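I opened a fresh page today and took my time looking around. Come along, and keep the picture at hand while you read.

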Amino acid sequence: MNLDWSVVWQFSGTLAKGAGITILLTIATMAVAVPGGIVLALMRLSPNRVLNWMALCFVEFFRNIPLILLVYWSFYVLPVLSGLTLPPFTTGLVALALNVSAYNSETFRAGINSIRKGQSEAGLALGMSHIEVMRKIVLPQAARRVLPVLASTWVSLFKDTSLVSVIAVGELAHTALEIRSQTFRILEILTAMAVIYWVLGYPQAKLADWIYRKWGVKE
Amino acid sequence: MSNVTEADFGRKNASSTPVVEYRDVRKQYGNFTALDGVSARVNRGEVLCLIGPSGSGKSTLLRTTNALEVIDGGQLYFDGHPLPSSKAEIRKVRQRMGMVFQSFELFPHKTVLENITIGPLTVLGISEAEANARARVLLEKVGLTDKADRYPANLSGGQQQRVAIARALAMEPEVMLFDEPTSALDPETIGEVLNVMKRLADEGMTMVVVTHEMSFARRVADWVVVFDHGKIVEQGPPAQIFDAPREDRTRNFLSHLGWNG
């Protein structure tokens with residue numbers, strides 16, 4: 001078997017651009033899914049039954065269907081339902097954000113619930129409102145507790161962005177697979193793709209571990 | 001408790017409106033009756049100690065005072081007015097009561113100083129400079145001036161509880177509620193907290209204290225209320241309760257604790 005690694009160098013610019021889009025998509029998804037997760041978690045915890053039920057349906061729906069299906073659905077069905085045709089990047093972002101928001105909501109809910117009742121009572125006893133207690137006492141503590149979990153969600157998300165390649169978002173996986181079908185250099189390109197994902201992903205995983213050690217709960 | 005008025009004879013400020021008054025207060029958790037018709041009053045400047053076996057309802061009664069527990073029957077008066085039911089009005093009442101918890105409940109993400117200023121800053125809307133100045137005075141009062149910038153996790157239990165007392169005092173409350181303030185403490189740090197409480201009492205602060213520290217109750221309380229099974233067994237001045245209890249159940253409770261005067 002003759003290998004020709006020059007193909008990797010030949011397309012290095014294209015691959016770099018794909019990797020850039022992967023990173024951008026990860027950041028954009030989290031930028032939507034963190035606030036989205038907080039809002040959903042607060043809805044789940046609110047005494048209002050309607051809000052509660054809406055959030056529950058959202059979370060249980062988007063958490064329990066395969067991400068790839070969600071990607072296809074956003075690409076084929078969403079435009080029909082909404083009447084909008086979104087560019088592939090935005091479509092991929094919608095699919096990922098729906099899924100990750102649902103996960104983040106459960107993370108935040110667990111984080112909020114992990115702050116013991118006495119903390120809220122101490123705030124209430126000072127005369128604070130429930131909203132003030134949430135904002136000044138519960139959420140800041142919950143945020144620290146969920147940071148390690150969010151970090152590992154981030155690391156998974158970074159790799160899961162590859163699923164949007166099926167709708168031709170020009171991120172790393174899609175770019176690499178395109179080059180593969182142009183050049184038929186399957187082994188070289190897939191290896192390069194693995195190396196790039198690993199080189200980018202490993203430091204993130206290490207960072208997540210570090211965050212875990214630094215911010216993990218110790219009381 | 002038909003003899004409340006008789007028993008009230010000789011109490012501090014007995015003729016003026018009590019700061020807190022419980023009238024036939026009831027509280028139910030499912031089938032469990034936590035408070036079974038409790039009537040008592042706390043006069044201005046008085047230290048009232050609630051004693052009794054664990055689970056007898058004394059902490060529940062304390063927690064109804066600032067509506068952390070909502071009563072199921074009877075009435076509760078604060079400064080002559082029935083405890084309001086609207087959330088906004090309850091907040092106003094809570095601002096005038098300080099509470100100290102068994103497990104301190106300091107805010108771990110805030111420094112000692114911030115723990116003390118968070119109430120006034122959030123609720124009273126005073127300036128940061130004023131809140132800080134007030135906090136420093138209180139830190140001096142509880143003997144922790146040098147700990148202002150520490151985090152609660154770096155303090156001993158006794159120090160944390162003293163900060164918690166300062167945090168409650170920062171709201172300039174009319175009454176302080178203590179829920180077993182020394183039960184979670186190492187024996188060697190109990191004294192420092194009790195001393196702060198004693199000083200507060202000497203300054204004339206109205207206090208309701210749930211405690212297992214009988215010598216504190218004996219020494220500092222103006223009035224002692226003995227609980228058992230959600231009811232008041234006996235109430236009276238400490239000399240009566242500790243030296244000449246009228247009820248067998250009071251005697252039993254005290255002898256279980258090894259109290260011998």
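How many nonpolar, polar and charged residues are there in the lining of the largest pocket? I counted by class and noted 13 nonpolar, four polar and seven charged residues in that lining. One reminder to myself before going on: this is a predicted model.

**Entry: the largest pocket**

I looked up the volume, and the largest pocket comes to about 700 Å³. The lining is made up of 24 residues, and I wrote down those closest to the pocket's centre: Leu45(A), Pro47(A), Ser120(A), His130(A) and Met134(A). Next I asked which elements supply at least two residues each to this lining. From chain A, I found α2 (12–45), α6 (88–113), α7 and α8 (130–160), and chain B joins in with its α3. The element that gives the most is α8(A), with seven residues.

**Entry: chain A by itself**

I then stepped back to look at chain A. How many helices and how many strands does chain A have? I found ten helices and zero strands. Read from the N terminus, the elements of chain A therefore run as α after α, by the way helices and strands are assigned. For the extent of the chain, I noted that the C-alpha atoms of chain A fill a box of roughly 75 × 45 × 25 Å along the principal axes.

**Entry: where the two chains meet**

I moved on to the interface. On the side of chain B, 22 residues are in contact with 18 residues of chain A. Which residues of chain B lose the most area to chain A? They are Glu105(B), His109(B) and Thr122(B), and together they make up 30% of what that side buries. Between them, chain B and chain A bury about 1,800 Å², with 62% of it on carbon and sulfur atoms.

I also checked for charged partners, and the rule finds two salt bridges across the interface of chain B and chain A. In a salt bridge that I looked up by name, the side chains of Glu121(A) and Arg63(B) meet at 2.7 Å, N to O. Polar contacts across this interface add up to six residue pairs.

Which elements give two or more residues to the side of chain B that touches chain A? My list reads α3 (87–95), β6 (97–100) and α4 (112–124) of chain B. Here α4(B) gives the most, with four residues. By class, I noted ten nonpolar, six polar and six charged residues on that side of chain B.

**Entry: the enclosed spaces**

Last, I searched the whole structure for cavities of 30 Å³ or more and found two. The largest cavity has a volume of about 40 Å³. Its lining draws on both chains: Ala122(A), Ala125(A) and Leu126(A) are there, along with Met99(B), Phe101(B), Arg167(B) and Ala168(B). At least two lining residues each come from α7 (117–125) of chain A and α6 (157–169) of chain B. By class, I wrote down six nonpolar, no polar and one charged residues for this lining.

The second largest cavity holds about 30 Å³ of space. I found it lined by Lys141(B), Val142(B), Leu169(B), Val196(B), Arg199(B), Leu200(B) and Glu203(B). Helix α7 (residues 187–202) of chain B provides the largest share of that lining, three residues. Four nonpolar, no polar and three charged residues make up the lining of the second largest cavity.

Methods: Residues are numbered from 1 along each chain as its sequence is written. Chains are lettered from A and ligands numbered from 1 in the order in which they are written. This is a predicted model: local features need pLDDT of at least 70, side-chain atom pairs count only at pLDDT 80 or more; totals for chains, interfaces and linings use all residues. Side-chain values use heavy atoms; hydrogens and water are left out. On a 1 Å grid over the protein atoms alone, a cavity is a set of points where a 1.4 Å probe fits but cannot get out, and a pocket is an open set with protein on both sides within 12 Å along at least five of seven lines; lining residues have an atom within 4 Å of a point. Grid points are joined across faces, edges and corners, and a volume is the space filled by probe spheres set on the points. Ala, Val, Leu, Ile, Met, Phe, Trp, Tyr, Cys and Pro count as nonpolar, Asp, Glu, Lys and Arg as charged, and the others, Gly among them, as polar. Contact means heavy atoms within 4.5 Å. Buried area is the accessible area (1.4 Å probe) that two parts lose on being put together, summed over both. A salt bridge is a side-chain nitrogen of Lys or Arg within 4 Å of a carboxyl oxygen of Asp or Glu. A polar contact is a pair of N or O atoms within 3.5 Å; within protein, one must be able to donate a hydrogen and the other to accept it, and residues adjacent in sequence count only if both atoms are side-chain atoms.
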